[in-house]
Amino acid sequence: MVTQISEWLDERLGWRSVWETIFLRKVPKVNWSYTLGSATLFAAVNQAVTGILLTIYYVPSPDQAYASVQYITTQVPAGWLIRGLHHYGASAMILLTVLHMVRVIFYGSYKYPREMTWFTGVGLLLIVFGFGFSGYLLPWDQKAFWATTVGTRIAEVTPLVGDAILRIMRGGKELTAITLARFFGVHVWFLPATLIILIGIHLYLVIRIGISSVPTREE
Amino acid sequence: MDEQKKREYYEKYQKDKEKGIFFFPDLLFKDAVVSLLLFVALILLAYFVGAPLEEQANPADTTYTPRPEWYFIFLFQLLKYFPGSMEVIGVIAIPTIAILVLAALPLLDRGPKRHFLNRKLWVGITALLMVGVTGLTIVAFLEAPPPFDAFRGDETAALYAENCAGCHGPAISTSSGTNLHTLIAEGEHEGMPAWSADLTSDQIDALAGFILSPLGSRLFADNCGTCHQADQLVASNPLELKQALEEGDGYSGHEGIAVPVWSDTMAPEERTSLVNFLIAPDGQRLFSVNCAPCHGQSVGFAGTESDLRSLISLGGLHLAMPPWQESMSDGEIDLLAKYVVAPATVPEALPEYQQLCSSCHGDRVPKSDDFDQAREIIAGGGSHQTMPIWGNILTPQQLEALVAYTLSAANGTPAAIGQALYSQYCSACHGDFGEGGANPALSGDIIAPISTAEYLKTRDNLTLRSVISQGQPNFGMSPFGSTSGGPLDEDEIDAIVTFIRTWEDNPPVELPPEIQTTAMPLSGPEIYTSLCAQCHGEAGEGGIGPSLLDASLQQTSDREIFESISIGHPITSMIAWGEILTSDQITQIVRHIRNITSSEQSPPAGEVSFSTDVLMIMEAKCNMCHGLLGGWDGTTYRSVMDSGDNAPVVIPGDPEGSLLGLKILGAQTKGTVMPPGGKMDADDIQIILDWITAGALDN
């Protein structure tokens with residue numbers, strides 16, 4: 001029965017060749033440090049799923065943001081878990097991305113023919129920091145407000161365009177409702193879209209070229 | 001890499017793959033294990049720690065010390081090493097270069113070698129960078145105020161960590177002479193808030209003690225913390241503290257409690273630290289806690305610093321007061337006693353006080369709580385209060401701070417300076433005690449009292465300052481701040497605010513007075529006297545504002561004068577009176593100004609007369625002591641010229657050679673300035689000097 005269904009589907013979807021290309025490929029024998037990339041991907045999926053769940057209750061306005069986060073934490077069933085996973089997942093994401101990158105540098109994995117994989121990786125690192133910075137404001141508590149005030153003020157230091165950057169980030173001279181709406185938009189639309197595109201290219205390259213092998217002393 | 005090397009790489013990689021494993025299930029299994037562990041870790045964190053949520057954002061609360069999330073904190077720390085204009089290097093240049101190098105890594109490190117030992121440069125740079133970032137993160141967390149429970153019951157240290165450490169770091173060094181209590185209570189410059197809004201006065205005392213003697217705070221927590229709370233003991237009576245420290249369970253408060261004799265268990269330096277913590281060596285505070293009960297807000301003292309130090313440390317009977325019952329009626333003494341208990345309630349006693357008491361006591365009233373006691377002291381005179389031997393009680397640091405403050409305050413405390421400025425600029429409209437009254441500028445309007453507890457509690461210093469500085473043109477109050485064209489600079493405004501604040505403890509006015517509102521006077525001279533004369537002088541001679549007798553006014557048309565009054569001058573403290581007065585009233589004023597400026601011919605200053613001018617000053621300022629206590633006598637022309645141990649004190653025509661001139665100027669080589677409470681008004685001094693210059697005639 002199962003065979004029949006899979007045959008029927010394969011005839012129409014061609015899933016078997018996809019499966020073979022992605023999963024049934026040979027890879028060099030590697031150590032545990034090579035799991036950092038997939039762990040980062042897992043953290044990203046975790047962030048996406050819990051993030052989507054959070055948007056069901058979260059309201060991105062200064063009047064209600066704080067109350068809605070409180071509501072999620074105390075009233076929504078398993079809300080504390082969703083928010084906890086998202087909160088600590090963010091830290092895990094940053095940590096894993098950096099460790100993954102350090103591993104790549106250590107083994108020289110960014111070298112020919114994986115340069116493009118590295119470039120997309122650096123892009124992903126920046127996006128992950130962007131997520132961390134934009135998501136920090138959303139709970140609209142004291143820490144969120146003041147850390148973002150200071151964080152955006154730091155951007156103002158940039159020569160020539162500093163003031164413009166500050167205004168663009170805050171949506172005005174002060175940190176207001178506009179800033180919150182802006183950060184929310186960036187956090188849930190702009191950054192995820194970019195993230196998905198870059199992860200797509202990154203994974204495509206990893207599968208196409210294959211993971212690097214652990215270099216020997218002579219290499 | 002050339003084609004040859006590329007081919008070699010592929011061949012090697014192909015071999016690795018053949019020797020290798022399948023992605024599914026071998027490698028994916030490892031991935032799954034790690035991801036699962038990660039997921040479990042996240043759930044445990046969410047369950048046992050939980051995502052933090054602080055108070056709701058409050059944009060008005062600038063006291064909050066912002067700290068970024070841990071992964072940005074290294075950047076935050078980096079910023080600290082690039083202060084001021086170098087900031088751009090720390091936050092923009094370094095991170096940008098780091099990111100660019102990172103992105104371009106495959107283009108920079110292009111060799112075929114992959115093993116880390118063959119790429120020491122790049123692996124080394126990476127390692128250094130990681131160590132740097134980790135190090136900065138660790139330093140940032142170490143420098144951060146530690147959590148409260150880390151203080152083992154040292155509540156003051158916790159208070160400090162919570163409120164001060166965010167900006168000031170683990171310790172603050174202050175220059176001697178800083179009035180810490182006031183500075184903390186009132187805040188300073190941008191960023192430092194007025195803590196009196198959040199902390200009690202006792203807590204501020206404790207903080208000042210902690211800042212000046214952190215070791216003392218530690219000792220307090222270890223030795224006294226079990227029974228006492230720091231903020232209940234700070235700024236208490238040093239005599240009591242000294243006893244408690246020296247007498248062990250023999251001290252009355254420690255009776256029956258197993259309290260060690262602290263002088264046995266603590267080294268002398270430790271005891272000094274402890275006392276310095278409990279009573280911070282903060283001159284202003286020491287004075288207000290220990291000296292103000294007898295001496296009022298400050299002591300008039302014109303001697304040297306070492307004189308003052310020995311006077312304070314020796315204590316004892318340092319001044320004798322005449323027995324006033326010999327020269328005053330009971331009613332007068334009653335009035336004075338009442339005044340001493342509560343100056344605000346008997347303003348009519350002020351002239352008497354100034355005449356009799358202020359030459360020794362200064363302008364500041366010696367404080368007394370009990371009418372009968374005050375009366376007895378005034379009537380009996382003599383050495384009415386024995387000063388404690390402070391040298392045995394205070395620590396050297398405290399003594400030093402107290403001497404420095406007393407000397408500086410002898411020139412007038414901010415409150416005393418503020419009082420003088422208040423009576424010069426404010427009391428015309430707000431009353432001597434801030435009781436308010438009919439608004440001279442607005443018909444039917446009443447100026448509410450500004451000295452009620454309610455008024456003062458609901459306005460912070462910033463508000464008071466800006467009201468004084470910018471005025472309230474809608475109500476006819478001109479701006480007084482020099483930034484708005486007024487006569488007062490910032491320090492002077494601060495002094496007035498300090499004076500106004502002294503009402504808060506003991507408001508002279510509780511309820512708005514019932515005031516008959518008078519109809520706005522319609523005649524030009526009356527309006528001029530109540531409004532314009534405040535700044536331009538009764539006869540238009542000028543004052544705060546410019547003189548109206550200037551010849552240029554003759555060339556100005558009535559129309560232009562009218563507009564000047566009606567529209568005002570935006571950069572000066574001349575407000576737009578057109579919003580308050582009717583055009584009819586302004587026309588009247590213009591006519592009045594025309595009258596006084598055309599007819600005005602100021603009378604020549606008359607010659608100084610001994611009998612009418614000089615003798616009056618001597619009666620008021622000298623004779624209450626010199627008449628009664630012997631020596632030089634200032635009651636008649638003859639005695640002024642001939643009496644005294646150092647006669648003659650007046651050399652006609654030579655004020656700088658006359659002892660009298662030197663003494664009133666404070667330029668004498670022996671003895672103290674006269675009167676001993678501080679110099680007389682500059683005008684009075686000038687009259688006497690002029691009289692001597694003119695030949696010291698008996699006219």
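Here are some short exercises, with worked solutions, on a predicted model of two chains, A and B.

**Exercise 1. Work out how chain A is built: how many helices and strands does it have, and in what order do they run?**

Start with the tally: chain A has 9 helices and 1 strand. Now walk along from the N terminus, and you'll read α-α-β-α-α-α-α-α-α-α. So much for the order; next comes packing. Chain A has 219 residues, and 40% of them count as buried. Last, look at contacts between residues at least 6 apart in sequence: in chain A, 71% of these join residues at least 24 apart.

**Exercise 2. Do the bookkeeping for chain B: what are its element counts, and what percentage of its residues is buried?**

Count the elements and you get 36 helices and 3 strands in chain B. Then check burial: of the 699 residues in chain B, 31% are buried. For contacts in chain B with a separation of 6 or more, residues 24 or more positions apart account for 67%.

**Exercise 3. Describe the side of chain B that touches chain A: which elements supply it, and which gives the most?**

First, the head count: 64 residues of chain A are in contact with 56 residues of chain B. Next, find the elements of chain B that put two or more residues into its touching side: α1 (3-19), β1 (21-22), α2 (23-48), α4 (87-103), α5 (105-108) and α6 (120-143). The top contributor is α2(B), with 12 residues. Finally, sort that side of chain B by residue type, and it comes out as 34 nonpolar, 7 polar and 15 charged.

**Exercise 4. Look at strand β1 of chain A: what does it pair with, and in which sense, parallel or antiparallel?**

Find β1 of chain A at residues 26-27. Its partner is β1(B), and the two pair in the antiparallel sense over 2 bridges. To pin down one bridge, pick A:K26: its partner in β1(B) is B:F22.

**Exercise 5. Take helix α32 of chain B (residues 610-621): which residues are buried, and why do they line one face?**

List the buried ones first: B:V614, B:I617, B:M618 and B:K621. Now sight down the axis of α32(B): these buried residues fall within an arc of 100 degrees, so they line one face of the helix. The spacing rule helps here: an α-helix has 3.6 residues a turn, so residues three or four places apart point the same way. Then flip to the face of α32(B) turned away from the buried side, where you'll find the exposed residues B:S611 and B:T612.

Notes. Residues numbered from 1 in each chain as written. Chains lettered and ligands numbered in written order. Predicted model: local features only at pLDDT ≥ 70, side-chain atom pairs only at ≥ 80, totals over all residues. Helix = DSSP H or I, 4+ residues; strand = E, 2+ residues; numbered from the N terminus. Buried ≥ 20, exposed ≤ 12 C-beta atoms within 10 Å, placed from the backbone. Contact = placed C-beta atoms within 7 Å. Nonpolar A, V, L, I, M, F, W, Y, C, P; charged D, E, K, R; others polar. Pairing = 2+ DSSP bridges. Arc of directions from axis to C-beta.
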